[in-house]
Amino acid sequence: MGRRGIKEYRAPEALALIAADRERTLLVCPSCGTRSIQRVPRRRSHGGAPLVSERVTLTCQTCGRHASYIERGGAEPPRDSTMDPHPLASRK
Ligand SMILES: [Zn+2]
């Protein structure tokens, strides 16, 4: 409600697009079917994860819909700590 002017993918569409990006496959807009997805930031040429977690935004240049997710940094511990209020607390 109240999202006038902002076009977002429906949840299953966003998940499909994000999954494709994580798998480094060709990005095709799940809504309009074009390949005009603009990724910010651009993919790294070596295809690896960034050193630190960063927000990735995928925007379709044709229909204007967008989705975003957090790509986990390769230098960070492999934990699901994005919602952890104590990221530096003792790890056993
Ligand atoms: Zn589109």
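The legends below accompany several close-up views of a predicted model.

**View 1. The whole chain, built from one helix and three strands.**
Read from the N terminus, the elements of this predicted chain follow the order α-β-β-β, and of its 92 residues 9% count as buried. Among the contacts in the chain with a separation of 6 or more, 38% are made by residues that lie 24 or more positions apart.

**View 2. The open sheet, with its three strands in the order 1-2-3.**
The pairing throughout this sheet is antiparallel. Strand 1, residues 37–40, and strand 3, residues 66–71, stand at the edges with a single partner strand each, so that one side of each is left without a neighbour in the sheet. From one strand to the next, the twist averages 20 degrees. Strands of a sheet pair through backbone hydrogen bonds, in either a parallel or an antiparallel manner.

**View 3. The pairing of strand 1 with strand 2, which is antiparallel and extends over four bridges.**
Within this pairing, Gln38 has Thr59 of strand 2 as its bridge partner, and a reader can use these two residues to find the place where the strands meet.

**View 4. The hairpin formed by strand 2 and strand 3.**
Strand 2, which covers residues 54–60, pairs with strand 3 in the antiparallel sense over six bridges, and one of the residues to look for is Val56, whose bridge partner in strand 3 is Tyr69. Five residues lie between the two strands of the hairpin, and in the turn Gly64 has a positive phi of about 85 degrees.

**View 5. Helix 1 lying across the three strands.**
Helix 1, made of residues 11–22, lies across strand 1, strand 2 and strand 3, and the angle at which it runs to strand 3 is about 50 degrees.

**View 6. The largest nonpolar core, with Leu58 as one of its residues.**
Seven residues make up this core, namely Tyr9, Leu17, Cys29, Ile37, Leu58, Cys60 and Ala67. When the neighbours within four places in sequence are left aside, Leu58 is in contact with Leu17, Ile37 and Ala67, and also with Asp21, Leu27, Arg39, His66 and Ser68.

**View 7. Leu51, in the loop between strand 1 and strand 2.**
Leu51 is exposed, because 10 other C-beta atoms lie within 10 Å of its own and a residue with 12 or fewer is placed in that class. Apart from neighbours within four places in sequence, Leu51 is in contact with Gly73, Gly74 and Ala75. The C-alpha atoms of Leu51 and Ala75 are separated by 5.0 Å, although the two residues are 24 residues apart along the chain.

**View 8. Gly74, in the segment after strand 3.**
Gly74 also counts as exposed, since 12 C-beta neighbours lie inside 10 Å and the class takes in residues with 12 or fewer. Not counting residues up to four places away in sequence, Gly74 touches Gly48, Ala49, Pro50 and Leu51. Between the C-alpha atoms of Gly74 and Pro50 the separation is 5.8 Å, while along the chain these residues are 24 residues apart.

Key. Residues numbered from 1 in each chain as written. Predicted model: local features only at pLDDT ≥ 70, side-chain atom pairs only at ≥ 80, totals over all residues. Core = buried A, V, L, I, M, F, W, Y, C linked by C-beta atoms within 7 Å. Buried ≥ 20, exposed ≤ 12 C-beta atoms within 10 Å, placed from the backbone. Contact = placed C-beta atoms within 7 Å. Pairing = 2+ DSSP bridges. Axes fitted to C-alpha atoms, helices over the stretch in contact; angles between N-to-C directions.
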